[in-house]
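Colleague: Hey, can you walk me through this one? I'd like to go through it piece by piece.

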Amino acid sequence: MASAPTQETFSNFQQYLTKDQDIREEIRVSVREIEQTAREILTALQGVHQPSGCKDTVSICKRSREMFANIRRQYNELAAKLPAEQYYRFHDHWRFANQRCVFLAAFLVYLESDKLITREEAAELLGVKERREDGFHIDLDDFLMGLLQLANELSRLAVNSVTAGDYSRPTKIANFVAELDAGFRLLNLKNDALRKRFDGLKYDVKKIEEVVYDVTIRGLNPPPAQKPEAQAEEQ
Amino acid sequence: MAARSGHLYRGGFHGGHHKRNSGKDRVSHQKISRREPKVDENSPIIASFRTYQALMDRKNDKYERLVKISRDVTIQSKRAIFHIHRINSGVDKTTVLKEADEKLIAVREKLCQIALELQGEDLYQYIRAISPGLQEYIEAVAFHHYCLGNGLVSLTQVQSDLEFPATEKPSTEDGDCPSHPAVTLYVPPVEYMLGLADFTGELMRLCITSVSSGDMDLPFQLCQFMREVYHGFSSFSYAGSWELSRKMHTLRQSLHKVENACYTLQVRGLEIPKHMLADVFSSADSEDTGRNDIT
């Protein structure tokens, strides 16, 4: 019943806790920077909801894409602070930042090319690794969460693009989100946060379909071949 | 899907992904004014979701397997603990501890399976699956270690038991233990500490039952030891996890019980006959055992 080893056990653990806390503090600083940059990018991308921005997505995208350089640098800093193979020990600290960044990257890629971002593209844009084995990566669940946020944002964009007089966009968005929905249906989701978020996707789908319906019954969304004249008539 | 999206396609528009299709497909698409939604396997979105599906299933399956093994570890560790409690029932102490040791070796085989599942993975990704089993195992090991008279088991000792050397068994008829490479199950310090906190609960039970069996020295030894442990736990400046502070509370209650027992022994030990003293304690004990059975 020697007390020396007992006390040693506890002082070792105390040291471990102190070190753990230090790492967490460092991580928090980095994550806060990433979140700040993410907010800036979001603000920049929000321009597409403005009537003027609707017509000028190209320049908005260009500016936002440049801002991702900051994110890449900050993710590199964060990754350097992390002990090897302990990504998930601190996962909670950057979970939401990662989801937000995936969303921003996916939104940007959609605005640029009407395509769904792949994990590979997202990793490249954020300056992280694609696979866990290679280092700091984006967890699959967080990536999918980001995509669900994208669907929500697109439902807003569908509404606003109609207000801005762009009647063809909602149809494109509807098509895209329907496919995204079909993709999510392939997944065997557990009863977790992702599942809950996915359950909200149907409302986004519905909203977009309503917009398409409104536009279509008023003949505002003519076939692409006749589009230019039709639009001229409307105006 | 078809019914819902039907009207979207009436206009014969061009969605984003159509641009990536071949020219032939595009022509046919323009001829058909109404078509089924594209949930075909050629779509890049569907294709990438197929890979996500595979990744996610793989992770979930592994998680479920780990939960299963962890439950076995919990059950077997609990049995080892119950076995050690029989020390007081008149059975030879060394035999009891030897049998308990055998049980713990069996538990380690299960832990080896966990280590194999986690090979090349991030342990913390699956920590929720294995945490209960791991803590129960640490509790059993600490209890066994203490009863052998070795004081508090250290993390290094726990860890060294969980380094499994490579086995190259030529006999593959034993399906459970095929040959495997050397693996180590890393014990996170927090899990170790949580296991130790549970272990003090066992000490409290041991203390109470030892009085009933007429051992008047053990309670004082245990009380002293538990004070040391409590002292160690209370020194942590960092409140740590919610779990740890909850266990601290339980530890405090256990210590309180043991201290009260020692107090009663000291004050009344000389006054009342032993068999009556035993009655005093067994009534106090029945509360704990009732609670312990539930948890």
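**A chat about the model**

Modeller: Sure, let's begin with B:Ser254, which sits in helix H9 (residues 242-268) of chain B; helices here are DSSP runs of H or I with at least four residues, numbered from the N terminus. Keep in mind that this is a predicted model, where local features need pLDDT of at least 70, side-chain atom pairs count only at pLDDT 80 or more, and totals for chains, interfaces and linings use all residues. Residues are numbered from 1 along each chain as its sequence is written, chains are lettered from A and ligands numbered from 1 in the order in which they are written, and side-chain values use heavy atoms, with hydrogens and water left out.

Colleague: Okay, is B:Ser254 buried or exposed?

Modeller: B:Ser254 counts as buried, because its relative accessibility is 5%. Buried means under 20% relative accessible area, exposed over 50%, and partly exposed in between (1.4 Å probe, protein chains only).

Colleague: And what does B:Ser254 touch?

Modeller: Leaving out residues up to four places away in sequence, B:Ser254 touches B:Thr200, B:Gly201, B:Met204 and B:Met226. Contact means heavy atoms within 4.5 Å.

Colleague: Switching chains: where does UniProt put the "binding site" feature?

Modeller: The UniProt record, an unreviewed entry, places it at A:Glu153. UniProt positions are given in the numbering used here, feature names are shortened, and annotations may be inferred rather than shown by experiment. A:Glu153 lies in helix H6 (residues 140-163) of chain A.

Colleague: Which side chain makes a polar contact with A:Glu153?

Modeller: That's A:His49, at 2.7 Å. A polar contact is a pair of N or O atoms within 3.5 Å; within protein, one must be able to donate a hydrogen and the other to accept it, and residues adjacent in sequence count only if both atoms are side-chain atoms. A:Glu153 also counts as buried, since its relative accessibility is 10%.

Colleague: New topic. Which residues have the most contacts inside the largest nonpolar core?

Modeller: A:Leu144, B:Phe49 and B:Phe233, in a core of 148 residues. Such a core is a set of buried Ala, Val, Leu, Ile, Met, Phe, Trp, Tyr and Cys residues joined through side-chain atoms within 4.5 Å. Helix H4 (residues 91-113) of chain A gives the most to this core, with 13 residues.

Colleague: Why does this core lie between the two domains of chain B?

Modeller: Because domain 1 (59-187) and domain 2 (189-295) both give residues to it. The domain bounds come from an automatic or database domain assignment.

Colleague: How many residues of domain 1 of chain B are in contact with domain 2?

Modeller: 23 residues of domain 1 are in contact with 22 residues of domain 2 in chain B.

Definitions and conventions:
Helices (H or I, at least four residues) and strands (E, at least two) are DSSP runs, numbered from the N terminus.
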